[in-house]
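Biologist: I would like to go through this structure with you, one question at a time. Please show it first.

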Amino acid sequence: MSKRQLKKYLNELPKDALQEQLVDLYERFPVVKEYYDFIFNPKEDKLVQEAKTKISNEYFPVKRRKPKARRSVAQKFIKHFLKLGVEAPLIAEVMLFNLEVAQVFSRERNVPDAFYKSMLNSFNEVVQFVAYNNLLSEYKERIVQIYQETQDQNWPLKEAFSHALDAVD
């Protein structure tokens, strides 16, 4: 069904039938329920704190011994926040937090090259996201600190991090 057909169908429905369908969607699909719960009661700070806790647990686990250090955990939260419509500064906060925790982790451990490539992708994404959402004035200092830490730790792909940082300037 196309969007146009859907709009036509919805316009022809009586109001109470439309309400019944929305309630049915709300009950059947957890994604719809989560969306409406967020719209009517956006506890963004709580969501961000949960994300930070889980990201931190990826690198510095509380319940298990070995860290998994997966970038995908942070990416899932970021993608989910974008779908929900969480405010851009809060999404940027999660993106930067992910990089900062990863840098603390890499300072203490020997990590594979794939880790650095993954963090470069995250760095590129946060720089683009911050620039696109006009948040440079708020986050430029943290972005530069993250870049400087990559240099101090002598991360591979230094040139690529430098090119990503050029977007900030």
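Biologist: What share of the 169 residues in the chain is buried?
Modeller: This is a predicted model, in which local features need pLDDT of at least 70 and side-chain atom pairs count only at pLDDT 80 or more, while totals for chains, interfaces and linings use all residues. Residues are numbered from 1 along each chain as its sequence is written, and side-chain values use heavy atoms, with hydrogens and water left out. Buried means under 20% relative accessible area, exposed over 50% and partly exposed in between, with a 1.4 Å probe and protein chains only. By that cut-off, the buried share of the 169 residues is 37%.

Biologist: How many helices and strands does the chain have?
Modeller: Both are DSSP runs numbered from the N terminus: a helix is H or I with at least four residues, a strand is E with at least two. Along the sequence the pattern reads α-α-α-α-α-α-α-α-α. The count is 9 helices and 0 strands.

Biologist: Why is the chain said to be more spread out than a compact globule?
Modeller: The radius of gyration is taken over C-alpha atoms, and the globule rule is 2.2 Å times the number of residues to the power 0.38. For 169 residues the rule gives 15 Å, and the chain is well over that, so it counts as more spread out, with a radius of gyration of 20 Å.

Biologist: How far apart are the end C-alpha atoms of helix α7?
Modeller: The expected span of a helix is 1.5 Å times one less than its number of residues. For the 20 residues of α7 (residues 113–132) this gives 28 Å, which agrees with the model's distance of 29 Å.

Biologist: Which helices do the buried residues of α7 pack against?
Modeller: The buried residues of α7 include F115, Y116, L120, F123 and V130. A contact means heavy atoms within 4.5 Å. The partners are α4 (44–59), α5 (71–84), α6 (88–108), α8 (136–152) and α9 (158–166).

Biologist: Which residues does E58 touch, not counting residues up to four places away in sequence?
Modeller: E58 is found in helix α4 and is buried, with a relative accessible area of 5%. One of its partners, A69, is in the loop between α4 and α5. The full list is R64, P67, K68, A69, R70 and V73.

Biologist: Is N154 buried or exposed?
Modeller: N154 lies in the loop between α8 and α9. Its phi is positive, about 60°, although N154 is not a glycine. With a relative accessible area of 51%, N154 is exposed.
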